[in-house]
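Colleague: I have a structure open and would like to learn how to read it. Could you take me through the features one at a time?

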Amino acid sequence: MASDTDCDIPRQIIDFMNEYMTQQSIQIIDFMNEYMTQQSIQIIDFMNEYMTQQSIHIKNEKEGRKNRSKAFKGLVDFGEDVATYVYPNSIGSASKGGCAFDNFTLDETCKIISAREVKTCCQIQPKECNKCKNKVPYYQPLCIICKNDTFTLIKDSRFSISAKPHFDYIGIIEEYLFIYIYDEDGKINIKGFVIKSDNPYFNKYIRNQYENSKSPTCNLLPDSYDFQSSGPKLIFYFNYNQSGDLLSHYIDIHNDKSMDFNTQCLYINEKIKYGIHDEVSIPYEEIQDKLELRDKPFNKDRGKTSRIKK
Ligand SMILES: [Zn+2]
């Protein structure tokens with residue numbers, strides 16, 4: 001039969017170990033918080049600097065001296081820079097095009113152990129003059145050619161995904177980083193999403209393009225059915241005014257939860273098929289296994305094309 005003393009010894013050890021582990025976990029949490037705070041600060045600093053540059057370009061467009069689009073050019077570079085902040089142990093490709101990965105991580109023997117594709121889409125793009133139909137820089141208030149001041153905004157920019165490399169390197173490319181820039185009420189929004197390359201819908205979508213279309217490129221529209229069905233995870237969001245002042249932001253680089261599915265992208269027959277009633281959005285996990293590819297009219301044979309006469 002154990003004495004009181006025999007019982008006290010293990011209890012003291014347990015108390016000591018509990019205290020020790022509590023201290024350790026506090027230190028680990030403190031370290032992680034500090035690390036993530038530093039990473040967030042670096043991303044905010046980078047974005048602020050980028051938007052300071054863009055605010056100068058926006059001002060130049062507003063003055064419209066030579067009818068030149070200035071703001072939000074060089075987006076490939078911007079996206080690849082952002083990726084190096086989102087994935088701190090990664091490096092970018094020094095290549096100015098070609099077949100290198102956009103962003104990748106090496107092991108100690110310089111072997112690539114993981115890679116990411118970075119895609120940007122900016123819908124702050126030249127607008128069309130309603131009178132003479134010429135293209136006009138987005139922030140330019142007047143058409144220099146005909147002096148008209150009414151325009152049709154064009155928002156057809158999309159994310160371009162090359163289908164063949166996706167399947168050739170699916171074991172290495174872990175995820176896609178999508179950066180979406182758009183205007184809303186005169187404010188500039190920059191959003192970052194991650195889509196895992198093994199997402200089942202995302203793969204069905206790219207495979208359909210790969211096997212059934214002459215074009216090797218998927219043109220993925222932000223907020224579309226195909227985009228939402230691929231389970232995008234929002235990892236950052238920035239809102240700026242045109243002077244480059246940061247108005248609000250959100251950062252969660254390690255967010256592993258897909259955005260809720262916005263049912264407004266569904267047709268009526270799809271709502272019936274997926275059992276959607278009045279819900280504006282539903283958790284992605286509740287619909288992801290039901291989502292089917294839409295019938296897409298691929299023009300396998302484009303037939304004759306003719307040049308537009310001027
Ligand atoms: Zn005009």
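Modeller: What follows goes from the overall outline to the sheet, then to the domains and to some backbone angles. Keep in mind that this is a predicted model.

Colleague: Let us start with the outline. How many helices and strands does the protein have?

Modeller: There are 7 helices and 14 strands in the protein. The protein is more spread out than a compact globule, because its radius of gyration is 25 Å, well over the 19 Å that the globule rule gives for 310 residues.

Colleague: What box do the C-alpha atoms fill?

Modeller: Taken along the principal axes, the box is roughly 105 × 50 × 45 Å. As for burial, 26% of the 310 residues count as buried.

Colleague: And what share of the contacts joins residues at least 24 apart in sequence?

Modeller: The count covers contacts between residues at least 6 apart in sequence, and 57% of these join residues at least 24 apart.

Colleague: Now the sheet. In what order do the strands of the open sheet come?

Modeller: A sheet is read from one edge to the other. Here 7 strands form an open sheet in the order 1-2-3-8-9-11-12, with mixed pairing. Strand 1 (91–92) and strand 12 (246–251) are the edge strands, each pairing on one side only. Helix 2 packs on this sheet and touches strand 1, strand 2 (103–106), strand 3, strand 8, strand 9 and strand 11 (233–240). The direction of helix 2 makes about 135° with that of strand 3.

Colleague: Can we walk across the sheet from strand 1? How many bridges join strand 1 to strand 2?

Modeller: Strand 1 and strand 2 run antiparallel and are joined by 2 bridges. Isoleucine 91 has phenylalanine 104 in strand 2 as its bridge partner. On the next step, strand 2 and strand 3 also pair in the antiparallel sense, over 4 bridges, and leucine 106 stands opposite isoleucine 112 in strand 3.

Colleague: Do strand 3 and strand 8 run parallel or antiparallel?

Modeller: Strand 3 (residues 112–122) and strand 8 run parallel, with 8 bridges between them. One pair to look at is cysteine 122 and its bridge partner in strand 8, isoleucine 181.

Colleague: What about the far side, from strand 9 on?

Modeller: Strand 9 and strand 11 run antiparallel, joined by 7 bridges, and phenylalanine 193 stands opposite leucine 234 in strand 11. Strand 11 then pairs with strand 12 in the antiparallel sense over 5 bridges. Within that pair, phenylalanine 238 has histidine 249 in strand 12 as its bridge partner.

Colleague: Next, the domains. Which residues does the domain assignment give to each domain?

Modeller: The assignment gives domain 1 (28–259) and domain 2 (261–295). Their C-alpha centres lie 26 Å apart. The contact takes 12 residues from domain 1 and 8 residues from domain 2.

Colleague: Which elements give two or more residues to the side of domain 1 that touches domain 2?

Modeller: They are helix 4 (200–212) and helix 5 (225–229). Helix 4 supplies the largest share of that side, 4 residues. By residue type, the side of domain 1 that touches domain 2 divides into 4 nonpolar, 6 polar and 2 charged.

Colleague: Last, the backbone angles. What sign does phi have in most residues other than glycine?

Modeller: Most residues other than glycine have a negative phi. A positive value is therefore an exception to look for. Phenylalanine 72 is such a case, with phi near 55°. Aspartate 185 also has a positive phi, near 55°.

Colleague: Where do these two residues sit?

Modeller: Phenylalanine 72 is in the loop between helix 1 (4–63) and helix 2 (75–86). Aspartate 185 is in the loop between strand 8 (173–184) and strand 9 (187–196).

Colleague: Is phenylalanine 72 buried or exposed, and is aspartate 185 buried or exposed?

Modeller: Count the C-beta neighbours: 20 or more within 10 Å means buried, and 12 or fewer means exposed. Phenylalanine 72 has 22 inside 10 Å, so phenylalanine 72 counts as buried. Aspartate 185 is exposed, because 5 other C-beta atoms lie within 10 Å.

Colleague: Which residue takes a positive phi in the hairpin of strand 2 and strand 3?

Modeller: Cysteine 110 does, with phi near 65°, in a hairpin that has 5 residues between the strands. The hairpin of strand 11 and strand 12 has 5 residues between the strands, and there glycine 244 takes a positive phi near 85°.

How values were computed. Residues are numbered from 1 along each chain as its sequence is written. This is a predicted model: local features need pLDDT of at least 70, side-chain atom pairs count only at pLDDT 80 or more; totals for chains, interfaces and linings use all residues. The radius of gyration is taken over C-alpha atoms; the globule rule is 2.2 Å times the number of residues to the power 0.38. Two residues are in contact if their C-beta atoms, placed from the backbone, lie within 7 Å. Two strands pair if DSSP finds at least two bridges between them. Axes are lines fitted to C-alpha atoms, for helices over the stretch in contact, and angles run from 0 to 180 degrees between N-to-C directions. Domain bounds come from an automatic or database domain assignment. Ala, Val, Leu, Ile, Met, Phe, Trp, Tyr, Cys and Pro count as nonpolar, Asp, Glu, Lys and Arg as charged, and the others, Gly among them, as polar.
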